[in-house]
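Morning, everyone. I have one model to go through today, and I will keep it short.

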Amino acid sequence: MSDTMLLTEENGILRLTMNAPSNNLMTADFFRDYEAVMAEVEEKAKSCGIKGMVICGGGRHFSTGADVEALAQRSADESYDDTTGELPAGHIRQKHFFTFLRGLAFPVVSVVTGFCIGSGSEIAVNSHYRIIEKNARVGQPESTFGILPALGGVARTIDICGMQNAYELVMSGELIPAERAYEIGWADIFADKKQGVPAAEKLIEYIAGRGDFAPEKSKEIMQDYKENEL
Amino acid sequence: MKINKKEFVTEVSDAKSVSELCTDISAYGEPCLLIVYGGADFSADGRFPAELPFITAFAAEDAENVSSGIKDCFDLVISSENTDEYTEKLFKDKSRKQIEEINRCFIIARKGSQEDILACESRAFYRLMAEKNGGGSNE
């Protein structure tokens, strides 16, 4: 385990605290450490007894997203042949460690604080649930850099908040405040400052109590939770 | 039916139904976004082909209260009062290539699975990154 990715387990709940420099700016080092810790999560997921997982930023911000210049350099060094459509192995591996979260047999909850931008937002949208704290701002600004989100940011945003909201977020690249993110369904729960992690743990305990979590039931379970517990 | 072609957007007014809009799709040129200005009498009597290579928007005075039938026919429902502002916000500083690559993911989303969209966004990323890195391929 690295200093920048702190994975702990308490009462059957995994907690990943991201503590990378510059408000979790996703540099090559960040991605290396992230992939390593997610490989550990994938291994732990094979054992029974995990009720859920919380992902959060260690400081004020969830993540300020990818270092675009580093990303451009990395992609220039990679081989992609558009005639075959075969994607670089490094991208497939990296994307796996974002998108596999959705397939886990326990709920993954991102607690979104401060800035949650770009690839940082893609960690959140690949989670089953998002709890957003007051004053957070989220968005997929990749389009303002000439590219688009490619770690699940398009697919998952469509799934979470529908075609129109996703199109506007991805195409405009605009950052939106927590209230708006909740209004359009990007976030499942709106929390006051510092209340996101306790709210995530409460949700996970509720789901564990039901004993029927499955990724394809995640929306239905959230609906029940809101009706019965909030 | 009146057709007004702009750089990325084609605007259509005085159309009465989806089936009328579908009679000659080539008449819209090659827009990134087709905006249809419709009134209360507009009929959602058909469907655009799922593979239609651009995004469709229905512009109404009261976009909040458009019928579910119309919502199902169009990718977007927007207010007719500020469409220029809306499209400016979407497409500002973007190339046609970039808009088309992003559109491609949303076009696939009309019928495709999450896996299809995930694959589409990855390939679009590498095509756009190649352009950003100087216009060549990444090979």
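I will take the sheet in chain B, then the contact between the chains. Bear in mind throughout that this is a predicted model.

Start with chain B. What is the strand order in its open sheet? The sheet has 5 strands, in the order S1-S2-S3-S4-S5, and the pairing is mixed. At the edges stand strand S1, residues 2-5, and strand S5, residues 76-79, of chain B. Each of these has a single partner strand, so one side of each is left without a neighbour in the sheet. From one strand to the next, the twist averages 25 degrees.

Now the two ends of that sheet in turn. At one edge, S1(B) runs antiparallel to strand S2 of chain B, residues 9-13, and 4 bridges join the two. One of the residues to look at here is Lys5(B), whose bridge partner in S2(B) is Thr10(B). The connection from S1(B) to S2(B) is a hairpin through 3 residues.

At the other edge, S5(B) is joined by 4 bridges to strand S4 of chain B, residues 55-60, and this pair runs parallel. Here Phe58(B) stands opposite Val77(B), which belongs to S5(B).

That leaves the contact between the chains. On the chain A side there are 30 residues, in contact with 29 residues of chain B. Which elements of chain A give two or more residues to that side? They are helix H3 (68-77), helix H4 (89-99) and helix H6 (153-172) of chain A. H6(A) gives the most, with 10 residues. By class, the side of chain A that touches chain B has 15 nonpolar, 10 polar and 5 charged residues.

That is where I will stop.

Terms used:
Residues numbered from 1 in each chain as written. Chains lettered and ligands numbered in written order. Predicted model: local features only at pLDDT ≥ 70, side-chain atom pairs only at ≥ 80, totals over all residues. Pairing = 2+ DSSP bridges. Axes fitted to C-alpha atoms, helices over the stretch in contact; angles between N-to-C directions. Contact = placed C-beta atoms within 7 Å. Nonpolar A, V, L, I, M, F, W, Y, C, P; charged D, E, K, R; others polar.
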